[in-house]
Amino acid sequence: MPLSHVCCTYRSTAAVLLLFLSILIVRLTPDANAQTASPTPAPSPSPQVAQVARPTPLPAPSPKVTAIDGHLELDTIVGVEVEHFSEWAATHDATKLVPFINGRAVRGNYPEEIHPDRNRLHFHLEIKPQNKELWTDLLGAPQGLRHPVTFTVGLENESPFDSVFNQSQPLPLTVISPVYGVICLLVILFTLALFVWLTRTTNLIREQGAAVPGKLRPYNLGRTQMAFWFFLVYVSYTVIWLITDSLDTITPSLLGLMGISAGTALGEALIDSGKDKANSSQLQDLISEKQALETGIPELQSQINALNTKPTLTQEDTTDRDTLNKQLLDSRTRLALVSQQIQTLTPAATDADSQGLLRDILRDSSGYSFHRFQIFAWTIVLGIIFVSSVYNNLSMPEFSTTLLGLMGISSGTYIGFKFPEKK
């Protein structure tokens, strides 16, 4: 093939290739330009995708009790420091916070002062009708001046805040103030010691009357019972005031019980006083009569002797002598009877001596008496109930009218049997 023909063939082929490349470039160039000039916008995410992608907010920090100013004691003000309290108070009502002691809400004991900027609250711990039962459980049946408790604060009807004062780090709750407790203890011991000394050396609660020199009169049941109730009420009132700071703790039934005790002692005193006056008056009359008889008998005897010395007796002398002999016999008989009555009205020296507390209050001149034992037994039983109520419930017991009536019957029976009793 000629060279010219070959060259022509290559040129035709090259031209075809160039034309094909030109067409390809022209078709591709607008798409490239379109992509460069106006890029396709990215599809906007749907609302659901955007919400998942948003970061989750951090939870608010929990409040926690970290410190307390002062000490836990009824009728005192304590300052409580609560971590993160300002953040909590921004969304809650801080005026409804109450202390929690041993996990129980002190209801009605709302804050006296609130300082969210300083993360502090102040509470005045006091007894209110809503929390009286709680304070009774906390302070009743004390084992000492203080005992450990857990402490925190919180809303009344919700879970309380966390606290550092938990079971592993409790706070001491003061039951009785040591200062006031020591002072009252000294006063009570002094009063009790003075009472014991007076009862052992005087007739403070003993039978009235003159005692044999060097001896003491027997103990009196009515006065002993009155002294028993006096000291129970006296000591209990002081203890309740020390723990609860309450002054109005005397119940109406307690006044009734003390009235029964006082009435028993008063009735017994009136009966004994009447007996003493009657015995004294009768004894004086008998002593006067005895003296007159002792003076008259020698005179009668001298008159009879004078008649007997006469050598001869007339009929009149014989009649006078017989009359004088009869008067002398009657006077001697009467003197013996008066002497016996005087001896009966005058108690023996041993009868006026004390034989010990229990023997004195349980016996009369006839020996041990059931009516005395009955009033003694009921007094002891009610005394035990009284002490138990004060120790466990920090309150004076409220005796029923039936029980007071029973005590009154016992006292009335004792007073009734006092009338025939011999002094």
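Colleague: What makes Arg 206 count as lying over the face of Tyr 219?

Modeller: Arg 206 is placed at 4.0 Å from the ring centre of Tyr 219, and a charge sits over a ring if NZ of Lys or CZ of Arg is within 6 Å of the ring centre and within 35 degrees of the ring normal, so the distance of 4.0 Å meets its limit. This is a predicted model, in which local features need pLDDT of at least 70 and side-chain atom pairs count only at pLDDT 80 or more, whereas totals for chains, interfaces and linings use all residues. Residues are numbered from 1 along each chain as its sequence is written, and side-chain values use heavy atoms, with hydrogens and water left out.

Colleague: Why are Trp 229 and Phe 386 called an aromatic pair, and what makes the pair edge-to-face?

Modeller: The structure holds nine aromatic pairs. Rings of Phe, Tyr and Trp (its six-membered ring) pair if their centres lie within 6.5 Å, with planes under 30 degrees apart stacked, over 60 edge-to-face and the rest tilted, so 6.1 Å centre to centre and 75 degrees between the planes of Trp 229 and Phe 386 satisfy both conditions. Because Trp 229 lies in helix H6 and Phe 386 in helix H10 (helices being DSSP runs of H or I, at least four residues, numbered from the N terminus), the pair ties together parts 157 residues apart in sequence.

Colleague: How do you know whether Trp 229 and Phe 386 are buried or exposed?

Modeller: Buried means under 20% relative accessible area, exposed over 50% and partly exposed in between (1.4 Å probe, protein chains only), so Trp 229 at 1% is buried, as is Phe 386 at 0%.

Methods
Helices (H or I, at least four residues) and strands (E, at least two) are DSSP runs, numbered from the N terminus.
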